[in-house]
Amino acid sequence: MASDEVEGTSPLPHADEHITLIGLGAIGVSFLALHLTYSSATVSVYDPRPDLEEHIQAVLPLYLPSSVDVASLISVGRLNLCASLEEACLAATIVQEQGPENVGFKQKTWSEVIRYVAPTCHLWSSTSGIPASKQLEHLSTTDDKHLEYPPTTDDIQASSARQRLLIVHPFNPPHIMPLLELVPSPHTTPAEVSFAKSYFTALRSGHRPITIHRESAGFVANRLSFILFREACHLVNEGVASAEEIDEVVRASLGPRWAMAGPFKMYGFGGGNKGLRGFLDNIGESIGEVWRDAGTITMDDDAWKDKVVEQTTQAYGLPSAEDIRVRDGGLRAVVKAQEEQERVARHGGGQGGQ
């Protein structure tokens with residue numbers, strides 16, 4: 001709920017923050033709902049689309065509690081729809097971008113943002129896989145540790161931005177899914193990571209910020225997800241199973257299993273009293289055979305894409321507002337079940353049987 005209190009218990013946090021969101025696609029709108037529901041921060045948004053206000057009015061209510069009125073949020077100044085990036089960045093204490101997954105776009109955006117914001121402004125990118133170091137590598141070639149004296153304004157600005165930029169990568173939809181991967185570059189200061197972790201923890205929204213120790217393509221969650229997706233597409237392309245059948249296989253197996261625990265803990269159960277070592281000893285040969293047989297399709301080949309898209313569209317159609325409501329309701333139920341299981345475990349439930 002986007003009121004002054006959550007369930008009437010205590011005031012919402014972050015009243016002193018002014019958040020700027022850049023990019024209002026699915027991830028941007030979901031993050032907007034998260035900030036409006038669980039914080040009392042002021043939020044300014046910018047997207048170059050000409051129908052921004054109509055888009056927000058139509059889509060944001062799908063992500064907010066039913067008691068919240070978008071027009072009221074705008075009228076009281078909690079939500080500001082901005083006509084330019086410069087306007088959106090005025091008074092910003094946090095700038096969070098979730099624009100197109102394109103290095104050039106992100107570099108151009110950050111070049112503008114750092115001209116408009118204070119040198120203390122926190123810089124967050126919710127990219128799906130472009131590391132922070134890549135997003136700012138265009139600014140200045142001077143290494144932060146070897147700035148010439150006196151350093152130029154550009155050098156100071158670039159060094160400061162590199163120290164403040166942090167990847168805050170969600171899993172879609174971020175207003176529900178608990179994971180937030182915090183991925184610093186080698187230049188990002190520990191204070192920036194600590195600030196982001198404390199910001200999301202204070203929301204009391206159930207989010208779980210996890211610090212990733214090294215930059216890698218896709219970070220962790222998307223890296224795992226995209227590799228599984230590649231194999232699923234390969235199986236469809238080879239006629240092993242249809243897109244709908246593979247979805248049901250995942251829902252009936254990996255979905256509930258991994259909702260309870262991750263692969264290492266779950267496979268550990270498969271090794272009995274020897275744990276993961278026993279599991280690897282028992283079926284390691286089969287695992288190796290699957291790894292050797294894994295698909296190698298690439299994004300350069302349109303043939304498999306056409307097949308996967310056709311089957312998926314035939315099975316489900318295109319997502320509607322009702323589909324989003326059903327998805328969100330199901331995800332909330334799974335997250336709630338996770339939280340309940342963790343509560344039971346904390347009070348002596350233990351791991352249980354295999």
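The following exchange goes through the sheet, the domain interface and two backbone details of this predicted model.

Colleague: In what order do the eight strands of the open sheet run?

Modeller: The pairing in this sheet is mixed, and the edge positions are taken by strand 3 (79–81) and strand 8 (208–211), each of which pairs on one side only. From one strand to the next the twist averages 25°. Read across the open sheet, the order of the strands is 3-2-1-4-5-6-7-8.

Colleague: Which residue in strand 2 is the bridge partner of I22?

Modeller: Strands of a sheet pair through backbone hydrogen bonds, in either the parallel or the antiparallel sense. Here strand 1 (residues 18–22) and strand 2 (residues 42–46) pair in the parallel sense, over five bridges. In strand 2, the bridge partner of I22 is Y46.

Colleague: At about what angle does helix 8 run to strand 5?

Modeller: Helix 8 (residues 190–202) lies across several strands of the sheet, among them strand 1, strand 4 (94–97) and strand 6 (165–170). Strand 5 (122–125) is also one of the strands it lies across, and the angle between helix 8 and strand 5 is about 75°.

Colleague: How much area do domain 1 and domain 2 bury between them?

Modeller: The domain assignment gives domain 1 as 18–218 and domain 2 as 221–316, with their C-alpha centres 32 Å apart. Eight residues of domain 1 are in contact with four residues of domain 2. Of the area buried between the two domains, 49% is on carbon and sulfur atoms, and the total is about 470 Å². In domain 1, 58% of what that side buries comes from the three residues that lose the most area to domain 2, namely F171, A217 and G218.

Colleague: How many residue pairs are in polar contact across the interface of domain 1 and domain 2?

Modeller: The rule for salt bridges finds zero of them across this interface. For polar contacts, with both residues at pLDDT 80 or more, the number of residue pairs found across the interface is six.

Colleague: Which two residues does a cis peptide bond join, with omega about 0°?

Modeller: Most peptide bonds are trans, and most residues other than glycine have a negative phi. One departure in phi is A91, in the loop between helix 4 (85–89) and strand 4, where phi has a positive value near 70°. As for the cis bond, P173 is found in the loop between strand 6 and strand 7, and the residues joined are N172 and P173.

How values were computed: Residues numbered from 1 in each chain as written. Predicted model: local features only at pLDDT ≥ 70, side-chain atom pairs only at ≥ 80, totals over all residues. Heavy atoms only, no water. Pairing = 2+ DSSP bridges. Helix = DSSP H or I, 4+ residues; strand = E, 2+ residues; numbered from the N terminus. Axes fitted to C-alpha atoms, helices over the stretch in contact; angles between N-to-C directions. Contact = heavy atoms within 4.5 Å. Domains from an automatic or database assignment. Buried area = accessible area lost by both parts, 1.4 Å probe. Salt bridge = Lys/Arg side-chain N within 4 Å of Asp/Glu carboxyl O. Polar contact = N/O pair within 3.5 Å; in protein donor to acceptor, adjacent residues only side chain to side chain.
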